[in-house]
Amino acid sequence: MLCLLRNLSWQDGGFSAMLETDGFEEVNFDETNGTIAFKSQFIGPICTFQDTYNNMPFQSWEIRPYGPDCVIFTLIAASVELEISIKENVCCLNSPEDIELDGIRNKWFPAHILMQKLVAAGINVFPSEDADKYVSISVKDEELESSVYEQMAFSVLRLCFLLEPLEC
């Protein structure tokens with residue numbers, strides 16, 4: 001799907017047994033069809049792993065007004081580009097057009113529900129509290145950051161905000 005395949009594993013033994021990564025050959029991931037093909041030396045449960053922070057740091061983001069009381073949030077990350085409409089207390093995923101997202105695209109959800117559904121579909125662009133242990137994150141003054149976000153929220157229906165990396 002939209003994720004970068006990191007590893008295949010299998011479990012030899014009970015639930016508490018370690019996951020094994022050996023025994024796989026000719027592993028191929030077809031992004032177009034969203035399929036994984038491989039040869040295995042065993043038969044049993046198999047799982048795939050995705051790096052939780054493979055989309056971080058973000059490449060760019062934009063928030064722009066869209067009609068009365070609505071904004072469009074666009075996020076460009078390493079392996080996904082999202083467009084989300086936001087109004088009042090609900091959000092709507094506009095894109096990408098991947099078939100795996102048909103059940104949630106163009107439907108309005110509270111933000112926390114949309115986040116859960118995106119993560120369940122393999123799109124994890126939501127940093128957790130310990131993200132700084134795994135990804136390089138700029139340290140910010142929490143009070144200043146909160147104040148800036150509050151001011152952005154007040155003016156976002158009339159102004160566009162954009163973050164893009166500087167070309168040096």
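1. A search of the whole structure, which is a predicted model, finds 5 salt bridges, a salt bridge being a side-chain nitrogen of Lys or Arg within 4 Å of a carboxyl oxygen of Asp or Glu. Side chains of opposite charge can pair when their charged atoms come close.

2. One of these pairs is formed by E26 and K39, whose side chains meet with an N to O distance of 3.5 Å. The pair links distant parts of the chain, since E26 belongs to strand β3 (residues 24–30) and K39 to strand β4 (residues 35–40), 13 residues apart; strands (E, at least two residues) and helices (H or I, at least four) are DSSP runs, numbered from the N terminus. E26 counts as exposed because its relative accessibility is 52%, whereas K39, at 46%, counts as partly exposed. Here buried means under 20% relative accessible area, exposed means over 50%, and partly exposed lies in between (1.4 Å probe, protein chains only).

3. A second pair to examine is R64 with E83, where the closest N and O atoms are 3.6 Å apart. R64 lies in strand β6 (residues 60–65) and E83 in strand β8, so this salt bridge ties together parts that are 19 residues apart in sequence. R64 is partly exposed, with a relative accessible area of 27%, and E83 is also counted as partly exposed, at 24%. The two residues belong to a network of salt bridges that links E62, R64 and E83.

4. R105, which lies in the loop between β9 and β10, forms a salt bridge with E97, and the closest N and O atoms are 3.6 Å apart. The partners differ in their surroundings: R105 is buried, with a relative accessible area of 9%, while E97 counts as exposed at 58%. Leaving aside residues up to four places away in sequence, R105 touches L93, N94, P96, E97 and D98, where a contact means heavy atoms within 4.5 Å.

5. The interior deserves a point of its own. The largest nonpolar core has 15 residues, of which L82, L93, L101, L114, L118 and I123 touch the most other members; such a core is a set of buried Ala, Val, Leu, Ile, Met, Phe, Trp, Tyr and Cys residues joined through side-chain atoms within 4.5 Å. At least two residues of this core come from each of β8 (81–87), β9 (90–95) and α1 (111–120). L82 has contacts with F73, T74, L75, L93, S95, P96, I123 and V125, again not counting residues up to four places away in sequence. A second, separate core of 5 residues includes I63, V71, M152 and V156.

6. Finally, please keep the confidence of the model in mind. pLDDT is the predictor's confidence in each residue, from 0 to 100; its mean for the protein is 79, and 82% of the residues reach 70 or more. Among the elements, strand β1 (residues 7–11) has the lowest mean pLDDT, 56, and strand β10 (residues 108–109) the highest, 97. Over residues 1–6 the pLDDT is below 50, and this stretch has 30 contacts in the model beyond near neighbours in sequence.

7. A note on conventions: residues are numbered from 1 along each chain as its sequence is written, and side-chain values use heavy atoms, with hydrogens and water left out. In this predicted model, local features need pLDDT of at least 70 and side-chain atom pairs count only at pLDDT 80 or more, whereas totals for chains, interfaces and linings use all residues.
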